[in-house]
Amino acid sequence: MQKNSSFDVIIIGAGAAGLMCAQLTGARHKRVLILDHSDKLAEKIRISGGGRCNFTNLQASPECYISQNKHFINSALSRYTPWHFCELLNQHQLSYHEKTLGQLFCNQKSQAIIDLLDFLCQQAQVIRLMSTKIFDIEKTTRGFKLETSQGTFLSEALVIATGGLSIPQIGASSFGYQIARQFDHNIITTAPALVPLCLDKPQLDQLKDLAGVSFFSRVSNEKINFSEHSLFTHRGLSGPAILQISSYWQAGEAIEINLLPEESIFTIIQAQRSSNKLLSNFLGGYLPQRLATSLTKLLGFDPIISQLNKKQLTQISQLIHSFSIHPCGSEGYKKAEVTRGGVDTRQLNSKTMMSNQIEGLYFIGEVVDVTGWLGGYNFQWAWSSAHAVATSF
Ligand code: FDA
């Protein structure tokens with residue numbers, strides 16, 4: 001490619017949001033260049049959803065996203081909905097299925113989605129350069145000038161789609177935040193989200209026999225609660241319910257876990273007062289046996305049911321329905337699915353994603369302070385925010 005090649009739009013980041021934006025913009029007859037520092041295309045799509053990409057969620061609505069600016073999400077999400085992405089897959093004969101809670105997964109491998117977006121980019125004559133380092137971005141009177149390892153490029157519009165900080169080993173970087181700061185944008189403090197939580201040694205010692213035990217739970221803090229499975233690990237807790245609450249967790253806070261959210265253990269025991277089963281075996285009828293055994297160790301008693309006194313019943317009920325943990329941290333960006341925080345949406349136009357202060361500069365996808373729940377919401381944000389930019393040209 002020639003030095004000083006010029007484009008209508010340059011997109012930095014060939015991930016979910018960048019590819020979507022590139023193909024939609026190219027299809028509108030704009031000359032589009034997409035740059036990525038990685039040698040592999042859209043690695044996060046490839047590893048997502050256990051290799052089957054949970055590409056959207058039918059229940060996607062603004063309440064399922066965390067942002068300092070709640071209403072920002074409405075416009076993009078309402079104009080490009082989960083059904084629009086399903087329609088795109090239908091048009092290209094890609095099939096999918098719904099798991100729990102509106103989560104849609106590919107029947108094919110995740111690579112099928114990458115291939116589709118790549119094909120649409122080629123069809124729209126998007127130029128894509130991988131393994132490209134961007135050294136400098138300058139605002140010019142007519143747009144932007146980029147100095148890169150593959151030459152100098154000019155464009156009228158610049159879209160930053162460099163994602164968040166999670167999984168640095170596959171190309172995540174803080175580049176998008178640096179560019180935002182360069183152009184005087186505020187960054188909402190970032191933190192790992194949708195991430196397993198760690199417990200300190202005393203708590204781990206108490207729960208050490210439980211690694212690998214999974215159970216249905218309701219986890220809550222003062223802000224929110226989630227009813228899904230939790231999983232004890234060697235470092236603490238994981239599983240969908242824990243990943244969900246991790247996005248709302250602040251250091252120092254406790255998290256409460258209801259280990260039997262759909263029943264009352266008090267009522268169950270009262271109804272079987274004459275049982276001569278040991279408490280641990282009795283609880284094993286309602287909870288995984290290893291969990292039941294550990295709970296009786298924590299309680300410090302394991303009598304037969306008929307010998308339980310009222311005080312013990314209250315203690316059992318409290319432990320099972322209000323099991324409290326005090327995470328000492330999270331497993332960090334290496335294990336986080338997403339990054340909470342990012343480019344402050346109060347400085348972006350919610351219809352176009354354009355910066356309110358720099359004409360022609362756009363931010364989309366995870367780099368923006370919009371963080372979805374677990375279950376397809378983050379890809380939906382990538383598609384919707386990309387669509388908002390493309391349709392503004
Ligand atoms: P994305 O990370 O996809 O792309 C950013 C691109 O920018 C990358 O290609 C990167 O190489 C490039 N880049 C970064 N720095 C650069 C630089 N300095 N110069 C040039 N290029 C640069 N979500 C969901 O909805 N359903 C799911 O099933 C899953 N599953 C899942 C599993 C795992 C293990 C992870 C880590 C994440 C998920 N997610 C998910 C989250 C989802 O992958 C994520 O929110 C989207 O990929 C975000 O899309 P973006 O395009 O914003 O960033």
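Reader: Which element gives the largest share of the shell around the ligand?

Author: Before turning to that, please keep in mind that this is a predicted model. The largest share of the shell around the ligand comes from H13, which supplies 3 residues. Helix H1 (16-26) and helix H2 (43-47) join H13 as the elements that give two or more residues to that shell.

Reader: Which residues come nearest to the ligand?

Author: There are 30 residues around the ligand, and of these Ala17, Asp36, Ser173, Glu366 and Phe379 come nearest. If the shell is sorted by the character of its residues, it divides into 12 nonpolar, 14 polar and 4 charged.

Reader: Where does the backbone itself lie in relation to oxygen atoms of the ligand?

Author: A backbone N or O atom of Ala17 lies 2.8 Å from an oxygen atom of the ligand, and for Gly49 the corresponding distance from a backbone N or O atom to a ligand oxygen is 3.1 Å. In the case of Gly376, a polar backbone atom is 3.4 Å from an oxygen atom of the ligand. As for how the ligand is covered, taken alone it exposes 1,000 Å², and the protein buries 92% of that.

Reader: How should I read the nonpolar core, and which residues have the most contacts inside the largest one?

Author: The general idea is that a nonpolar core is a set of buried nonpolar residues joined through side-chain atoms. Here the largest such core has 126 residues, and those with the most contacts inside it are Ile45, Phe55, Ile113, Ile137, Ile257 and Trp383. Helix H13, which covers residues 377-390, gives the most to this core, with 8 residues. A second, separate core has 5 residues, including Leu194, Leu243, Val338 and Leu374.

Reader: What is Phe55 in contact with, leaving aside its neighbours within four places in sequence?

Author: With those neighbours left aside, the contacts of Phe55 include Phe85, Cys86, Leu89, Tyr96, Leu104 and Phe105, and also Ile113, Gly376, Phe379 and Trp383. Two of these names have already come up beside the ligand, since Phe379 is among the residues that come nearest to it, while Gly376 has a polar backbone atom 3.4 Å from a ligand oxygen.

Reader: Which residues of helix H3 are buried, and what covers them?

Author: In helix H3, which runs over residues 72-79, the buried residues are Phe72, Ile73, Ser75, Ala76 and Leu77. What covers them includes strand E4 (65-66) and H13.

Reader: Is Gly372 buried or exposed?

Author: A residue counts as buried when its relative accessible area is under 20%, and Gly372 is therefore buried, because its relative accessibility is 1%. Gly372 lies in strand E21, residues 371-372. Leaving aside its neighbours within four places in sequence, Gly372 is in contact with Cys64, Tyr65, Leu194, Tyr377 and Asn378. The C-alpha atoms of Gly372 and Leu210, which are 162 residues apart along the chain, are separated by 29 Å.

Reader: Where does Ser294 lie, and is Ser294 buried or exposed?

Author: Ser294 lies in helix H11, residues 289-299, and with a relative accessibility of 6% it counts as buried. Apart from neighbours within four places in sequence, Ser294 is in contact with Asp209 and Leu210.

Reader: What is the value of phi for His29 and for Gln125?

Author: The general idea is that most residues other than glycine have a negative phi. His29 has a phi near 65°, a positive value in a residue other than glycine, and Gln125 likewise has a positive phi, near 60°. His29 is placed in the loop between H1 and strand E2 (32-35), and with a relative accessible area of 75% it is exposed. Gln125 sits in the loop between helix H5 (111-123) and strand E7 (127-129), and it is exposed as well, with a relative accessible area of 65%.

Reader: How many helices and strands does the chain have, and what does the chain span along its principal axes?

Author: The chain has 13 helices and 21 strands, and its C-alpha trace spans about 85 × 40 × 35 Å along its principal axes. Of its 393 residues, 58% count as buried. Among the contacts in the chain with a separation of 6 or more, residues 24 or more positions apart account for 71%. The accessible surface of the chain comes to about 17,100 Å², and 49% of that belongs to carbon and sulfur atoms.

Terms used. Residues are numbered from 1 along each chain as its sequence is written. This is a predicted model: local features need pLDDT of at least 70, side-chain atom pairs count only at pLDDT 80 or more; totals for chains, interfaces and linings use all residues. Side-chain values use heavy atoms; hydrogens and water are left out. A nonpolar core is a set of buried Ala, Val, Leu, Ile, Met, Phe, Trp, Tyr and Cys residues joined through side-chain atoms within 4.5 Å. Buried means under 20% relative accessible area, exposed over 50%, partly exposed in between (1.4 Å probe, protein chains only). Helices (H or I, at least four residues) and strands (E, at least two) are DSSP runs, numbered from the N terminus. Contact means heavy atoms within 4.5 Å. A residue is near a molecule or strand if one of its heavy atoms lies within 4 Å of it. A polar contact is a pair of N or O atoms within 3.5 Å; within protein, one must be able to donate a hydrogen and the other to accept it, and residues adjacent in sequence count only if both atoms are side-chain atoms. Accessible areas come from the Shrake-Rupley method with a 1.4 Å probe; for residues, only the protein chains shown count as cover. Ala, Val, Leu, Ile, Met, Phe, Trp, Tyr, Cys and Pro count as nonpolar, Asp, Glu, Lys and Arg as charged, and the others, Gly among them, as polar.
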